[in-house]
Amino acid sequence: MRAQFVLQEIWIGLRRNLTMTISLVITVAIAMALFGTGLLLHNQANSSKNYWYDKIEVSIFLCAKTSSNPQCAGKDAQQGEKDALKAKLQGLPQVSKVEYESKEDAYARFKDRFASTPGFVQSTKPGDIPDSFRVRLKDPKQYKAVSQSVLGQAGVDQVINEQEILKKFFRILGGLQSAALIIAGIQVIAAVLLVGNTVRLSAFNRRRETGIMRLVGASNTYIQLPFILEGAIAGLIGGILAAVLLVFSKMLLVDRLASNIQMASKLGWGSVSLVIIVAICFGVLLCAVASFLTLRRYLRI
Amino acid sequence: MVRPLGPRGSFARMVLNRRDAAVIHFDNVTKGYKNQNRPALQHVNVAIEKGEFLFLVGPSGSGKSTFLRLILKEERPSQGHVHVAGKDLNKLSNWKVPHLRRRIGCVFQDFRLLPNKNVFENVAFALEVIGKPRRFINKVVPEVIDLVGLEGKAHRMPDELSGGEQQRVAIARAFVNRPMILLADEPTGNIDPATSIGIMKVLDRINRTGTTVVMATHDAAIVDAFRKRVVELEDGRVVRDQSRGVYGQAY
């Protein structure tokens, strides 16, 4: 096997149908980038799910002058009511921890969280956010029992399960993830068909050469290898472009998303590079296998 | 102690010897193509000895090309066996076919040169694709180019050569790996009679090195002039097998 000869054949093949090769590279790049994005979103969702489900709390907001709940009758919750509520919550078997957050604490936390959007902070005064009990559950799923036993108690405005909010968020994340994977799947199909066409064109362009090669007794690997490597190289270039896109999407999409919505667990470069390696290998393998299968049909020995 | 051979034993040995001696042996070969009523070859029995020069003549469609394709295992016989170099091609596995073809050179009417390669590169291509080292190629290719009479034209492109010269390049490419058999499918079909004689001289020179040459042709003048063995096909049957024959009575 003479490497120089094979490389020369590959170069000729890639150059002869350059436009096909370019479109193949682009398709593979998009497919692999979306595939990688799907994997990254999946990783991100999983790690933040774990993080958040550990910290999940049920917030029981107490009556304030500003609350619209008729039960509160426009009055703040009395200290007695608060004490009774706290005792009751601590008595529940599902509850692991109860914390009281005063109006001042709540305002401080709000100010802290939205420090980057001063307009938000300025339009809010201390006392706008009602005081609340933050209840940590032993099992986040037993939220219903807690909320039912507390709702309707004197001084309770509303009960909010953070899990519900998180669920909505994760549903969006999951949707994005499956959208990316579905589009990636469609692109993979397109890439396979494109590889088939490219290799077929390439085989047709070089039918003189391959005909002579067959005639003088070149082995099947010798005849087919340039075509398969041609596909693999296109796949590799596509995979590398996909890697670049993934790095950008990590920096511009995931990181920005994470900083905006306070995703506690940041996606590390380690998992990104893992995804990149997987994407490149997948791209190369995809193209090589697709060209091999096409060759079996169009380059009968 | 040597066991005396009975008449059956000696007969079997004789047949075996004959088959072994024959480089190409068609054993009752019939070849039919799909969607065609009449087979391209019917019950063909031909044995070609090592070093022979054989003309395959007959009208178009008489099965000459099928005969050659069967030797290359580009087709499989519908019935019967084709033996090349003592091997039954029916039993030859597909991955061994390239090795069979390395021992057979091929020349065609339409030359089949690569237009973007010069004479040297065209001939070298046949060695490159079977993985021969560069040093060997550089030594052997000029020798063969000289042998076919193209001295000093190694760096010409095919379109700068005459038809006869192009065919010489094709012959050089077919012969560069020193094959056991050279198949020529109407090699003078595109060439004027005067140039054809030059081509035939090259083929004769190759034949003299011990290579078996099988040449399918329509060229009566050449067949008559050379007086080699002639196998005539008609409608897929061998109608004449004559040593030192001529093209045909009708002519």
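This is a short walk through a predicted model with chains A and B, starting at their interface and moving on to some individual residues.

Hi everyone, let me begin with confidence. Chain A has an average pLDDT of 81, and 93% of its residues score at least 70. Within chain A, the lowest confidence falls in helix α5, residues 118–122, with a mean of 76. The highest is in helix α8 of chain A, residues 207–215, at 88. As a general reminder, where pLDDT is low, the predicted coordinates should not be read in detail.

Now to the interface. How many residues does each chain bring to the contact? Chain B contributes 25 residues and chain A contributes 17. Between them the two chains bury about 1800 Å², and 58% of that lies on carbon and sulfur atoms. If you want to know where to look on chain B, try B:R101, B:F125 and B:V129: they supply 30% of the area that chain B buries against chain A, more than any other three residues.

What about specific pairs? The rule finds one salt bridge across the interface of chain B and chain A. In that salt bridge, the side chain of B:E74 meets the side chain of A:R214, at 2.7 Å from N to O. For polar contacts between the chains, the count is four residue pairs, with both residues at pLDDT 80 or more.

Which elements of chain B give two or more residues to the side that touches chain A? They are α3 (97–102), β6 (104–108), α4 (119–128) and α5 (134–147) of chain B. By residue type, that side of chain B divides into 14 nonpolar, two polar and nine charged.

Let's stay on chain B and turn to helix α2, residues 64–71. This helix is mostly covered, with six of its eight residues buried. The buried ones are B:K64, B:T66, B:F67, B:L68, B:L70 and B:I71, so you will find a lysine on that list too. After α2(B) comes B:K73, with a positive phi near 55°.

That brings me to two more positive phi values in chain B. B:A85 is not a glycine, yet its phi is positive, at about 55°. You will find B:A85 in the loop between β4 (79–84) and β5 (87–88) of chain B. Its relative accessibility is 30%, so B:A85 counts as partly exposed. B:R178 is not a glycine either, and its phi is positive at about 50°. This arginine sits in the loop between α6 (163–175) and β7 (181–185) of chain B. With a relative accessible area of 46%, B:R178 is partly exposed.

Next, a charged residue in a loop: B:E52, between β2 (41–49) and β3 (53–57) of chain B. Is B:E52 buried or exposed? At 18% relative accessibility it falls under the 20% cut-off, so B:E52 counts as buried. Its side chain makes a polar contact with the side chain of B:R229, at 2.9 Å. Leaving aside neighbours within four places in sequence, the contacts of B:E52 are B:A47, B:N207, B:T211, B:T212, B:V213 and B:R229.

Finally, over to chain A and A:D255, which lies in helix α9, residues 220–260. A:D255 is buried, with a relative accessible area of 18%. Its C-alpha atom is separated by 37 Å from that of A:T66, and the two residues are 189 residues apart along the chain.

That's my tour; thanks for listening!

Note on methods:
Residues are numbered from 1 along each chain as its sequence is written. Chains are lettered from A and ligands numbered from 1 in the order in which they are written. Side-chain values use heavy atoms; hydrogens and water are left out. Contact means heavy atoms within 4.5 Å. Buried area is the accessible area (1.4 Å probe) that two parts lose on being put together, summed over both. A salt bridge is a side-chain nitrogen of Lys or Arg within 4 Å of a carboxyl oxygen of Asp or Glu. A polar contact is a pair of N or O atoms within 3.5 Å; within protein, one must be able to donate a hydrogen and the other to accept it, and residues adjacent in sequence count only if both atoms are side-chain atoms. Helices (H or I, at least four residues) and strands (E, at least two) are DSSP runs, numbered from the N terminus. Ala, Val, Leu, Ile, Met, Phe, Trp, Tyr, Cys and Pro count as nonpolar, Asp, Glu, Lys and Arg as charged, and the others, Gly among them, as polar. pLDDT is the predictor's confidence in each residue, from 0 to 100. Buried means under 20% relative accessible area, exposed over 50%, partly exposed in between (1.4 Å probe, protein chains only).
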